[in-house]
Amino acid sequence: MGYPEAELSVLIVDDDEIAELNSRYLGRTGPTNVISFPMLEGEYPDVAEQMLGDVVISVDTTQKEADLGGVDFQIRFDELLVHGILHLLGYDHVNDEQQAREMEEKSVELLGLIEEHRSAGGRNG
């Protein structure tokens, strides 16, 4: 994906904490499933070139969505993590229809790789 030495942080929180972040930084009310804070954008994108940014995931909302979708918690968590990482890389599914399609394709590709790795017992190689 073009960032072989990149770093990111993942913060797992509850609905109350993500609702606070959602309000403070995005001006939105209530909890959400995932928020990304990219470091490659904004005023100082070159400060830490290897740091993609932060992905914050609500464990409460992840569980609710997994239950509603009839999927395992880990599957939904992986989907949200991939989604958040793609936002860090600049994908925008909200304002750009073409990027939304590209983001979906990349999500499917990455989730497939995760599943392959998991099916292989997490072994390298």
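In the predicted model, Glu17 is partly exposed, with a relative accessibility of 40%. This residue is found in helix 1, which spans residues 15-26. Glu17 also belongs to a surface patch of negative charge, in which it gathers with Asp14, Asp16 and Asp60.

A second surface patch is nonpolar in character and consists of Leu8, Val10, Ile12 and Val59. Together, these four residues present about 290 Å² of accessible area. Strand 1, formed by residues 7-13, supplies the largest share of this patch, namely three residues. Val10 has its place in strand 1. Its relative accessible area is 40% and therefore lies between the limits of 20% for buried and 50% for exposed residues, so Val10 is classed as partly exposed. In a regular strand, side chains alternate between the two faces of the sheet.

The pairing of the strands centres here on strand 3, which comprises residues 51-58. Strand 1 and strand 3 are paired in the parallel sense, with seven bridges between them. Within this pairing, Val10 has Val55 of strand 3 as its bridge partner. Strand 2, residues 34-38, is joined to strand 3 by five bridges, and these two strands run antiparallel. Phe37 is placed opposite Asp54 of strand 3. Of the eight residues of strand 3, six are buried, and the strand is therefore largely enclosed by the rest of the structure.

Terms used. Residues numbered from 1 in each chain as written. Predicted model: local features only at pLDDT ≥ 70, side-chain atom pairs only at ≥ 80, totals over all residues. Heavy atoms only, no water. Patch = residues over 30% accessible without salt bridge, like charges linked within 9 Å, V, L, I, M, F, W, Y side chains within 5 Å. Areas by Shrake-Rupley, 256 points an atom, 1.4 Å probe, with all protein chains shown as cover. Salt bridge = Lys/Arg side-chain N within 4 Å of Asp/Glu carboxyl O. Helix = DSSP H or I, 4+ residues; strand = E, 2+ residues; numbered from the N terminus. Buried < 20%, exposed > 50% of the residue type's maximum accessible area, 1.4 Å probe, protein only. Pairing = 2+ DSSP bridges. Lys, Arg positive; Asp, Glu negative; His and termini not counted. Charge placed at Lys NZ, Arg CZ, Asp CG, Glu CD.
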